[in-house]
Structures are given as C-alpha cells and as structure tokens.
Amino acid sequence: MSLWGNDIKPKNLTDAEKKEVFATKKGWVREAGSVLSGNGNTSADPEVLVAISNLSANMGAANITEIEFITTAFDKSDGGNIDVRVRFNEPVTVTGTPRVSITNGNQGSGTGRGPHLANYLSGSTTNELVFRCTIAAANAATNASDVLVIGANALALNGGTIKDTGEGTVATITNSAGIGTAAGSITVAA
C-alpha cells in the first residue's frame with residue numbers, strides 16, 4: 001500500500017491534520033495559517049507536505065471530504081447565524097449561490113419547520129466553503145429542543161456552480177450520509 005493515492009490524503013496524518021490538507025498542482029498541502037504548521041499567517045502560501053506534480057489535475061473533479069457546523073449553539077430567542085463549512089479535497093471556484101440544506105427534526109412543539117437553507121458565503125478558490133443561514137429572533141422557523149442536522153446530499157448548486165479551480169470541471173456535489181452525519185447536530189435552546 002502506498003502512502004498516498006489519487007483519492008486519499010497522506011495516511012500518516014491524524015484526522016485533525018487531514019481536515020487542513022488538500023491537493024494542488026504542487027501536491028498535498030496544508031492550509032495557510034494553520035496552527036499545526038506553526039504559521040498563523042492566513043495569507044502565506046500553503047505548506048507543501050508531499051510534492052507530486054499536477055496532483056490536483058490527475059485527481060479529476062473535486063470531491064467533498066467533510067461537512068461540519070461552524071456554529072455550535074443556537075438560541076431561538078436570540079436568533080442569529082448558523083454557519084456550515086464544506087471541505088473539498090482540492091480548491092474549488094464558486095459562482096452563483098449554492099446552498100446547504102439543514103434538516104430540522106422538529107423535536108420541539110409543533111411540526112413543519114425546515115429544512116433551513118444556508119447560502120454560500122465565502123471561500124471561492126480555496127478548499128473550504130462557508131455557508132450561512134440567518135434566522136431572526138423568535139422566528140417560527142425553529143422551536144426550543146429542535147435538533148438541526150446535515151444529511152446526505154445536502155449541498156445543491158441552486159443555479160450556481162462549484163468547479164475544480166485547476167481543471168474547471170464541475171465538482172462532485174453529492175455527499176454520503178457519513179459525511180453529513182459527521183457534521184454533528186445543534187439543539188435549539190429557548
């Protein structure tokens with residue numbers, strides 16, 4: 001077995017390190033500004049971990065490697081933003097307003113709330129995209145005790161595009177149930 005391959009990250013990395021590693025034309029790189037690299041400069045060039053010429057070109061279209069909630073708590077009475085991060089195995093370029101669907105389990109009183117749609121916010125030309133859903137204070141979109149989750153195939157283009165930055169091919173936008181479930185959940189407070 002090799003140390004790396006076309007569709008996997010270097011095996012010697014921990015799960016935390018793999019979150020910050022993606023493919024470029026230079027090879028496998030760690031995000032700029034990473035605590036793990038010891039360089040807090042987010043404007044720096046990514047650190048090359050394994051040099052493989054044209055790695056991102058040889059991998060084909062970009063794939064989702066992880067979806068996670070950035071927001072860890074939500075209070076119905078305060079309202080606010082629910083942010084979601086979608087990581088790809090290589091940089092992608094976004095046009096339009098793709099979105100992530102956040103499922104509301106309706107555990108609180110009443111029914112019929114959700115899904116909530118988090119629209120693309122930032123990250124084009126990087127491997128990490130941020131999506132945001134804004135819910136006003138005391139809005140009927142959530143109730144106390146509702147559990148918000150991200151399920152399978154949660155990312156939709158919504159008339160926009162997510163393209164592999166190096167190749168210009170449309171990225172794979174489906175995600176497995178395991179990736180969505182790994183995002184965790186948010187239980188709405190009163």
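Me: Why is aspartate 164 called buried in this model?
Reply: The model is predicted. In it, aspartate 164 has a relative accessible area of 1%. Buried means under 20%. The value of 1% falls under that cut-off, so aspartate 164 counts as buried.

Me: Where does aspartate 164 sit, and how far is it from aspartate 83 in sequence and in space?
Reply: Aspartate 164 is in strand E12. Aspartate 83 is 81 residues away in sequence. In space the two are 23 Å apart, C-alpha to C-alpha.

Me: What makes glycine 159 buried or exposed?
Reply: Glycine 159 has a relative accessible area of 82%. Exposed means over 50%. The value of 82% is over that limit, so glycine 159 is called exposed.

Me: Where is glycine 159, and how far is it from threonine 95?
Reply: Glycine 159 lies in the loop between strand E11 (155-156) and strand E12 (161-164). Threonine 95 is 64 residues away in sequence. In space, their C-alpha atoms are 8.9 Å apart.

Me: Why is glutamate 90 said to have no salt bridge?
Reply: Look at the nearest side chain of opposite charge. That is lysine 25, and it is 9.2 Å away. A salt bridge needs a side-chain nitrogen of Lys or Arg within 4 Å of a carboxyl oxygen of Asp or Glu. Lysine 25, at 9.2 Å, does not meet that limit, so glutamate 90 has no salt bridge. Glutamate 90 is buried all the same.

Me: Which strand holds glutamate 90, and what does glutamate 90 touch?
Reply: Glutamate 90 is in strand E6 (residues 80-95). Leaving out residues up to four places away in sequence, glutamate 90 touches residues including Phe22, Ala23, Ser56 and Asp164. Thr126 and Asn127 are also among them.

Me: How do you know what radius of gyration a compact globule would have with 190 residues?
Reply: The rule is 2.2 Å times the number of residues to the power 0.38. With 190 residues, it gives a value near 16 Å. The chain has 18 Å, which agrees. Its C-alpha atoms fill a box of roughly 55 × 35 × 35 Å, taken along the principal axes.

Me: How many helices and strands are there, and what percentage of residues is buried?
Reply: The chain has three helices and 13 strands. Buried residues make up 41% of the 190 residues.

Me: How many side chains are positive and how many negative?
Reply: There are 14 positive and 17 negative side chains. The centres of the two sets lie 3 Å apart.

Terms used. Residues are numbered from 1 along each chain as its sequence is written. This is a predicted model: local features need pLDDT of at least 70, side-chain atom pairs count only at pLDDT 80 or more; totals for chains, interfaces and linings use all residues. Side-chain values use heavy atoms; hydrogens and water are left out. Helices (H or I, at least four residues) and strands (E, at least two) are DSSP runs, numbered from the N terminus. Buried means under 20% relative accessible area, exposed over 50%, partly exposed in between (1.4 Å probe, protein chains only). Lys and Arg count as positive and Asp and Glu as negative; His and the chain ends are not counted. Contact means heavy atoms within 4.5 Å. The place of a charge is taken as NZ of Lys, CZ of Arg, CG of Asp or CD of Glu.
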